[in-house]
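Here is a short tour of a small set of computed features, written to be read with the model open beside you. Have your viewer ready, and let us begin.

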Amino acid sequence: MTLPAGLCDGCRFGRPIRSRRGSQFWLCARHTTDDRFRKYPALPVLDCPGYQASRDQDGEENRE
Ligand code: SF4
């Protein structure tokens with residue numbers, strides 16, 4: 001089952017993780033440097049002070 005990730009889906013710090021059983025999580029790379037952010041945020045994330053768009057003005061995707 002795929003959960004809607006909300007902001008994490010388009011955030012440069014978000015990365016989808018799939019377990020062996022097929023469950024999907026989103027890993028927040030910001031958790032390593034800022035303890036305000038959970039490693040696996042509760043989804044969907046609708047508001048986040050750490051959000052930064054994963055795509056730049058040219059449409060190139062940049063993820064941490
Ligand atoms: S910074 Fe916020 S929006 Fe970005 S991946 Fe982490 S929890 Fe999601």
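What follows goes from the whole chain to its strands, its core, the ligand and a few single residues.

**The chain as a whole**

Please keep in mind that this is a predicted model. The secondary structure of the chain amounts to zero helices and two strands. With so few elements, how does the radius of gyration compare with the globule rule? It comes to 12 Å, close to the 11 Å that the rule gives for 64 residues, so the chain is as compact as a globular protein of that length. If you want to set up a box around the C-alpha atoms, they fill roughly 35 × 25 × 20 Å along the principal axes.

Two percentages add to this picture. Of the 64 residues, 16% count as buried. Among contacts with a separation of 6 or more, 45% are between residues 24 or more positions apart.

**The hairpin**

Strand 1 covers residues 14-18 and pairs with strand 2 in the antiparallel sense, over five bridges. Strand 2 itself takes in residues 24-28. You can check the register at two places: G14 stands opposite C28, and R18 stands opposite Q24. Between the two strands of this hairpin there are five residues, and G22 adopts a positive phi near 95°.

S23 is also found in the loop between strand 1 and strand 2. Is S23 buried or exposed? S23 is exposed, because 11 other C-beta atoms lie within 10 Å and the limit for an exposed residue is 12 or fewer. Q24, in strand 2, is partly exposed, since its count within 10 Å is 13 other C-beta atoms.

**The core and the ligand**

Which residues make up the largest nonpolar core? It has seven: L7, C8, C11, F13, W26, C28 and V45. One of them, C28, is a good residue to click on. Beyond residues up to four places away in sequence, C28 touches C8, F13, G14, F37, R38, K39 and P41.

P41 sits in the segment after strand 2. It counts as buried, because it has 22 C-beta neighbours inside 10 Å and the threshold for burial is 20 or more. Setting aside neighbours within four places in sequence, P41 makes contact with C8, W26 and C28.

Now for the ligand. It is surrounded by 13 residues, and the closest are C11, G14, C28, C48 and G50. By type, this shell divides into 10 nonpolar residues, two polar and one charged. Notice that C28 appears again here, among the closest residues to the ligand, as well as in the core.

**After strand 2**

The segment after strand 2 also holds P44. If you inspect the backbone there, you will find a cis peptide bond joining L43 and P44, with omega at about -5°.

R55 lies in that segment too. Why is R55 classed as exposed? It has 12 other C-beta atoms within 10 Å, and a residue is exposed at 12 or fewer, so R55 meets the limit. Apart from neighbours within four places in sequence, R55 is in contact with E60 and E61.

**Separations along the chain and in space**

The table below sets sequence separation beside the C-alpha to C-alpha distance for some pairs that involve residues discussed above.

| Pair | Separation in sequence | C-alpha distance |
|---|---|---|
| R55 and G10 | 45 residues | 7.6 Å |
| Q24 and D47 | 23 residues | 20 Å |
| S23 and L43 | 20 residues | 13 Å |
| P41 and R30 | 11 residues | 11 Å |

The pair R55 and G10 is a nice one to display: 45 residues along the chain, yet 7.6 Å between the C-alpha atoms. For Q24 and D47, 23 residues apart in sequence, the value is 20 Å.

**To take away**

The model has two strands and zero helices, with the strands paired in the antiparallel sense. A nonpolar core of seven residues includes C28, and the ligand has a shell of 13 residues around it.

Note on methods. Residues numbered from 1 in each chain as written. Predicted model: local features only at pLDDT ≥ 70, side-chain atom pairs only at ≥ 80, totals over all residues. Near = placed C-beta within 6 Å. Nonpolar A, V, L, I, M, F, W, Y, C, P; charged D, E, K, R; others polar. Helix = DSSP H or I, 4+ residues; strand = E, 2+ residues; numbered from the N terminus. Pairing = 2+ DSSP bridges. Rg over C-alpha atoms; globule rule 2.2 N^0.38 Å. Contact = placed C-beta atoms within 7 Å. Core = buried A, V, L, I, M, F, W, Y, C linked by C-beta atoms within 7 Å.
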